[in-house]
Structure formats: C-alpha cells, structure tokens
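Work through the exercises below with the sequence and the model open. Each task is followed by a solution in steps.

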Amino acid sequence: MRTTAPVHEWGSDFDVLDAQYVADPFGIWDQLRTTCPIAHTDRRGSTWLPTRYEDVTAIAHDIEHFSSLEVAVIPFEGEEPEEPVLPYGLPPISADPPLHTWTRRLLLPWFSHNRVEGYESMTRGLCDGLIDGFIAEGRADAATDYAQQIPVRVIAHILGVSPDLSDTFTGWVRDVLEFADDHDRRVNGVQGLLQYFIGEVAKRRAQPGDDLLSELLHTEVDGKPMEDSLVLGAAALVLIAGVDTTWSAIGSSLWHLATHAEDRRRMVQDPEVMSLAVEELLRAYSPVTMARIVTSDVEFAGCPMKAGDKILMNFPAANRDPEVFADADEVVLDRAHNRHVAFGSGIHRCAGSNLARMELRIALEEWLRRIPEFHLADGEDVTWAGGQVRGPRLLPVVFP
Amino acid sequence: MKIRVDPDKCQGHARCYGLAPELFEIDDYGTSTVVGDGSVPPDLEDRARLAIANCPEFAIDEV
C-alpha cells in the first residue's frame, strides 16, 4: 500500500496521489478555483496544477512555452539508461512538432469516424459475451469483469496482436500508469511492453499483415523506413493510451448509473439521450490528466513558471469549471452546451477519441439493455485509481 | 443561416459531426468541413447552433 504525506495546503503543497484527492477531487478543485486557481507543489519536482477551463486550454494551445516531451504525471524515479530504447518516447503524444505532426497523421486514419464504425459490431459482441459470463449470478464487478475487459480487446484487434494476452497487457499498462511511483512495477511494465513489441515487430517484418503495426513498419520517411524506436513507441502508445483511459470512463459511468437511479432509468427509457449523455459522463468524470514541461521561464496568469517545471493538464477540473458549465458539479444527461475537453484541447487532442466514444456508448447500451436495474453491493468497497488516469478499480454491483 | 469551420482551429474532436452529420463532413484525419457552402436548411438550424455550442475549439461560426 502506498502512502503519501498528508496534505494540509492544497494550493502550495498538493499531491495527486493523496487518497482523498484520488477518491473525491471535485471539492478540492472547487476550492482551488476560487482561492488559488493554479496550485503548486514541490512534491516530485516543481509542479503546477491549473483548475480553470480558461487556463488549462490556454496552456494546451501554447506549445511554444509548454512542451509535450514529458507527459507522465508521475516522474520516473530511478536512473535513466544512457541510451534509452525509446529516445523519442511514445510519439506523437510525447512529441512536439514536427515529429508530432507526421507521426500523428500516421495514426489518425486508424481511428477515423469511418474506421471506428467498422469496430462497432465486434465491440458489441464482446460486451454481450462478457455479460453472458456473469448475468446469471446477479452480481458482478463492473470494473474488473466488464469495463476493464473491453478496450484492451478492441485495441489488440486494431494492433493485430493476440486478445489472449489481454490480462497481460492490462497488467503492463497499469504498471506504467497507475503504479508509476512504484519503481519496480514501472520497470516491469515498460520492459514487458517493449520486449513484447520488439518480438511482434520481428514477426511483422517477416510476415506483414493488414494491421496498424505492419503499416507503421512499412512507412517510409524521407525515403527511409521509419526508425524502429518510433514504430515501437507509437505501437506502445496505442496500447497504453487506449486501455486504462477508456476502461476508466466506462467504469466511472457505470458507477454514476449505479448510484443515480433517476439517470439510470432515464437512459433506459429514453435511448435518444445516449449521445448527449456519453458526452456529459465524459465531462463529469474525465479520466485523463496529461503533463507538459515549461520550455523557458514564463509568467502565466501571475505564476512564475521556471524552465523544467511540470504542468498537470487538469482537463477533469476544467470540465467542472462553473464559469463554463452551468451546475458544473451536476450530471445533466442532456446538457446541450458542453464544450468539454475530456480528450484534451489543441494539437494533442486524443487521437483515439472516436474509438473511446464508441466503446463507451456500446458498453453502456449493452449493459443497460441487459441489466437495466443495478446498484452498488452493500458493504463492499468501491476503490479508485488516480494520478494520470482516474477511474474505479473495484466496482461491485448487484442486479437481483 | 450559414456556418463555416475554421480549418486552423479545428482539431478533429468530431463533436459537430456527431450532433449534425447532415451539416459537416470529416476526413480521415478528423478535420471537419461544412457540407456544400455551409447553408443550413431551416429545420436544421437548431442543430447547427448545437454544433457551434459544443465545439471545444470554438472553430465553428455563423457567418
């Protein structure tokens, strides 16, 4: 069990791994927005935490002062190898233009609106099959038995890797994102992913398929094949970014529906509300926080930011800013004005947003079709993960 | 009513297409453009306003 020193001053000494923050950050953000809208801490290095929509989106658009070369919310504590296997990290997410621009263009068509429609029936069948596995029992863990199982299999399909390894992939991704302050687990996750993709690249080189990994391998840049480290980084990105994030959004949405009977009944009785409700649930329970690095000393909104400082792009808090959203802390399923930035803002808008939306919608449609009435299991704990990605990790529900 | 999408602001969130697929086209990279010259039939004006109000990049305007 990890422990963090207690936080007494959220404005000057915040900690995103604090247990209270992970379980219920909303009140903390509300308080910060009115007293200290860009908080600071020296825990794990000098780090800023904007909480207002205006500030978060302005930083996201200022790529000159705020670089994406370091996007991990929790820094890696340990010695970096002298010659890293992935010198460019996971492009395009960990890149600035020009590398960002062309690597992103390689990935985007795989997640276009049209392509994503093609993954829909596979996703629906997958959700249905998972529900078959537990519906007769009258209870399930909506996080581990359902939400956690969906995105990893869809992503495996797109990458052209075996869905049989889904649990292994999930373990590696959690090591990298959720247990990032645990040195051994992080190394285990990074090495597991890298070695796996090195093997897959060798296989595709001998025998190309029609999957994303094969296409990356056969991409030429300025007349030369794309560097292996870039192929590996982009492939690992698709897996890492496509698993924990969407699973957390599905889990948080099911937690909301398990605890808000009126919203649950409305979504069952009025399927037309689904598309707006998906956006509203993404707004209210945005899972993802990314980081930026300050490139040169700059004063931003009165804050003296130094080169090398980290900024936590608090998209989840921006999405609850009452300056932008009426009744920001309420879920209004048919909210008509909803410029949420759950998928970020600016040039790093989540490349998989169409896919994530589709997965969330199908996961909720299938669950509500077959399990319209459910609630939290009495006396059993719901647990949350936070930091880079927030969502429920244990979500025991019953549907007698 | 007539609308336009600013190609420099659009980042491919595809919210406009989700709300009003009759009024927008999206390419493989997510970039949105208006259908035709951006003229909105009277019965779709409400949805055009919805698209404007939901774009996270403020990329859609009434002209």
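**Exercise 1.** Is Phe58(B) buried or exposed?

Some conventions come before the solution. The model is predicted: local features need pLDDT of at least 70, side-chain atom pairs count only at pLDDT 80 or more, and totals for chains, interfaces and linings use all residues. Residues are numbered from 1 along each chain as its sequence is written, while chains are lettered from A and ligands numbered from 1 in the order in which they are written.

*Solution.* Step 1: take the cut-offs. A residue is buried if 20 or more other C-beta atoms lie within 10 Å of its own, exposed if 12 or fewer, and partly exposed in between, with C-beta atoms placed from the backbone. Step 2: apply them. Phe58(B) has 11 C-beta neighbours inside 10 Å and therefore counts as exposed. Step 3: locate the residue. Phe58(B) sits in the loop between α2 (45-54) and β4 (60-62) of chain B; helices (H or I, at least four residues) and strands (E, at least two) are DSSP runs, numbered from the N terminus. Step 4: check the backbone. Phe58(B) is not a glycine, yet its phi is positive, about 50°.

**Exercise 2.** Classify Ala301(A) and Phe374(A) by the cut-offs of Exercise 1.

*Solution.* Step 1: Ala301(A) is partly exposed because 14 other C-beta atoms lie within 10 Å. Its place is the loop between β8 (298-300) and β9 (303-305) of chain A, and its phi is positive at about 50° although the residue is not a glycine. Step 2: Phe374(A) has 21 C-beta neighbours inside 10 Å, so Phe374(A) counts as buried. Phe374(A) belongs to the loop between α16 (353-370) and β11 (375-376) of chain A. Step 3: list the contacts of Phe374(A), a contact being two C-beta atoms, placed from the backbone, within 7 Å. Leaving aside neighbours within four places in sequence, they are Ala258(A), Val397(A), Val398(A) and Phe399(A).

**Exercise 3.** In what order do the five strands of the open sheet in chain A lie?

*Solution.* Step 1: the order is β1-β2-β10-β7-β3, with mixed pairing; two strands pair if DSSP finds at least two bridges between them. Step 2: the edges are β1 (38-41) and β3 (66-67) of chain A, each paired on one side only. Step 3: β2 (residues 47-50) and β10 (residues 310-313) of chain A pair in the parallel sense over two bridges, and Thr47(A) stands opposite Lys310(A) in β10(A).

**Exercise 4.** At what angle do the axes of α9 and α10 of chain A cross?

*Solution.* Step 1: the axes of α9 (residues 166-177) and α10 (residues 183-206) of chain A come within 7 Å and cross at roughly 135°. Axes are lines fitted to C-alpha atoms, for helices over the stretch in contact, and angles run from 0 to 180 degrees between N-to-C directions. Step 2: α9(A) and α10(A) are therefore oblique to each other, as angles under 35 degrees count as roughly parallel, over 145 as roughly antiparallel, 65 to 115 as roughly perpendicular and the rest as oblique.

**Exercise 5.** Which peptide bonds between prolines in the β3 to α4 loop of chain A are cis?

*Solution.* Step 1: a cis bond joins Pro91(A) and Pro92(A), with omega about 5°. Pro92(A) is in the loop between β3 and α4 (99-107) of chain A. Step 2: the bond from Pro97(A) to Pro98(A) is cis, with omega near 10°. Pro98(A) lies in the loop between β3 and α4 of chain A.
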